[in-house]
Amino acid sequence: SLKFPAPGSCNWPRFTSVMLCETCCVEAGGSAEVGIDERASPMDIIESHPGNYVYDVKLRCKPEQLDEAFDRANPEMVIVGNTSATVVSDWNEANPPSRQIGMYDRIVKVDGELLQGWWQRILCSSTSGAGGKDIMKKLGTKVASGVSVTMQRPQERTITVERTARLGMNLNYRKGTLAKPWISTIEDGTCLIHQWNQSNPSHSVTVNDRVISVNGSALSAVDTVEKLRTATGTLTIKFVHFE
C-alpha cells in the first residue's frame, strides 16, 4: 500500500551567494542523470521516481498573498517557503495529512499545465523553459478565482563526511526568508560533496537541493552557511533533494 509522507515542518528577489570552497566552482548544467525512459510522459516521470509524492491542491487567495507562501528566490523553481501563510494554512486545516502542503514542496503543474522547464531539465539537462517568475505570474492571474496546483514533495537525504578537504559547493539564499540555502553549483575533483556523490550515486545531492540542518541543528540560512564554513571534524548534513 502507498504510504503518504507527512509534510515537513512581483519583484524578482535578490539572493546571496556563498562559495564553500577555495577556488571557483564549475557551473552545473542541471541535476544528475536519473535513468528515465524518454518516451514516458512528463507526468509519468514525476510520479515514477522513488520517494516522490505528487498531489493536487486547490488554491484561492488574493494574488498579493502568494509571496507570503511561496519562495522563488531560486529561479529554477517555486517552493513552499512558509506553511503558516494564509493560503497554505487554510488548505491544510481543511484537508487530511496526505493532502496537506509541506515546507519545500515544489509546484510542478498549474491549472493542469505541466511546467515546461521542469521536465525539459530532467530529460535534456536543459535550462530553458518556465522559471519561478513565470510560475508566479501564471498563479497570479488565476488564484483569485481558484486554481488547481500539482505539488511534489522532495526527499530527505543525509550525508556524513569528515572535514578533510573543502566541501566544494556554492550555496545561495535569500535574506529574510524561512527557506534554507540551496546548492547552485558543485565543484568536481577532490571536494567532499563530489566525492560523496561518486561513492553514493543513489543517495547523491545535486544542484537545487537545500541544506536543512548541519550536525542536527536547523539554523537560519545565514547561520547554516557559517556553520558549514567553520565546522571541523565529522559533518552530518541533511538536505531536501529534488528529483
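Is D188 buried, exposed or partly exposed? With a relative accessible area of 48%, D188 is partly exposed. This is a predicted model, and D188 sits in the loop that joins β10 (182-186) to α6 (192-199). The C-alpha atom of D188 lies 7.7 Å from that of G168, although 20 residues separate the two along the chain.

**Confidence**

The average pLDDT of the protein is 79, and 72% of the residues score at least 70. Residues 8-13 fall below a pLDDT of 50, and this stretch makes 13 contacts in the model beyond near neighbours in sequence. Residues 122-129 are also below 50, with 19 contacts counted in that way. Where pLDDT is low, the predicted coordinates should not be read in detail.

**The two nonpolar cores**

The largest nonpolar core has 24 residues, and L59, F70 and I107 touch the most other members. Two or more residues of this core come from each of β2 (53-59), α2 (66-69), α3, β5, α5 (132-142) and β7 (147-153). Strand β2 gives the largest share, four residues.

L59 shows how distant parts of the sequence meet in the model. Apart from neighbours within four places in sequence, L59 contacts F70, V87, I101, V143, G146, V147 and V149. Another core, of 21 residues, lies apart from the largest one; L167, M169, L192 and F239 are among its members. In soluble globular proteins, nonpolar side chains tend to be buried together.

**The aromatic pair and the cysteines**

How many aromatic pairs does the structure hold? There is one. The ring centres of Y53 and Y55 are 5.3 Å apart and their planes meet at 25°, so the pair counts as stacked, the limit for stacking being under 30 degrees. Y53 and Y55 are both buried.

A search for disulfides across the whole structure finds zero. C61 is buried at a relative accessible area of 10%, and C191 is buried at 0%.

**Helix α3 and the loop after it**

Helix α3 (86-93) is followed by a loop that leads to β5 (106-110). Its buried residues are V87, V88, S89, W91 and N92, and β2 and α2 are included in what covers them.

T86 also belongs to α3, but T86 is partly exposed, with a relative accessible area of 34%. Outside the four nearest places in sequence, T86 contacts Q65 and E68. T86 and Q65 are 21 residues apart in sequence, and their C-alpha atoms are 7.8 Å apart in space.

N95 is located in the loop between α3 and β5. Is N95 buried or exposed? N95 is buried, because its relative accessible area is 15% and the limit for a buried residue is under 20%. The N95 side chain reaches the backbone oxygen of W91 at 2.8 Å. W91 is itself one of the buried residues of α3.

**Helix α6**

In α6 the buried residues are L192, I193, H194, W196 and N197. They pack against β8 (155-162), β9 (169-173) and β10. L192 is also a member of the 21-residue core.

Which residues does N197 touch, not counting those up to four places away in sequence? N197 touches I186, S204 and V205. N197 is part of helix α6 and counts as buried at 15% relative accessibility. A polar atom of the N197 side chain lies 2.8 Å from the backbone oxygen of V205.

**Accessibility of single residues**

The table collects the relative accessible areas given above.

| Residue | Relative accessible area | Class |
|---|---|---|
| C191 | 0% | buried |
| C61 | 10% | buried |
| N95 | 15% | buried |
| N197 | 15% | buried |
| T86 | 34% | partly exposed |
| D188 | 48% | partly exposed |

N95 and N197 can be read side by side. The side chain of N95 reaches the backbone oxygen of W91, and the side chain of N197 has a polar atom 2.8 Å from the backbone oxygen of V205.

Terms used
Residues are numbered from 1 along each chain as its sequence is written. This is a predicted model: local features need pLDDT of at least 70, side-chain atom pairs count only at pLDDT 80 or more; totals for chains, interfaces and linings use all residues. Side-chain values use heavy atoms; hydrogens and water are left out. Rings of Phe, Tyr and Trp (its six-membered ring) pair if their centres lie within 6.5 Å; planes under 30 degrees apart count as stacked, over 60 as edge-to-face and the rest as tilted. Buried means under 20% relative accessible area, exposed over 50%, partly exposed in between (1.4 Å probe, protein chains only). A disulfide is a pair of cysteine sulfur atoms within 2.5 Å. pLDDT is the predictor's confidence in each residue, from 0 to 100. Contact means heavy atoms within 4.5 Å. A polar contact is a pair of N or O atoms within 3.5 Å; within protein, one must be able to donate a hydrogen and the other to accept it, and residues adjacent in sequence count only if both atoms are side-chain atoms. A nonpolar core is a set of buried Ala, Val, Leu, Ile, Met, Phe, Trp, Tyr and Cys residues joined through side-chain atoms within 4.5 Å.
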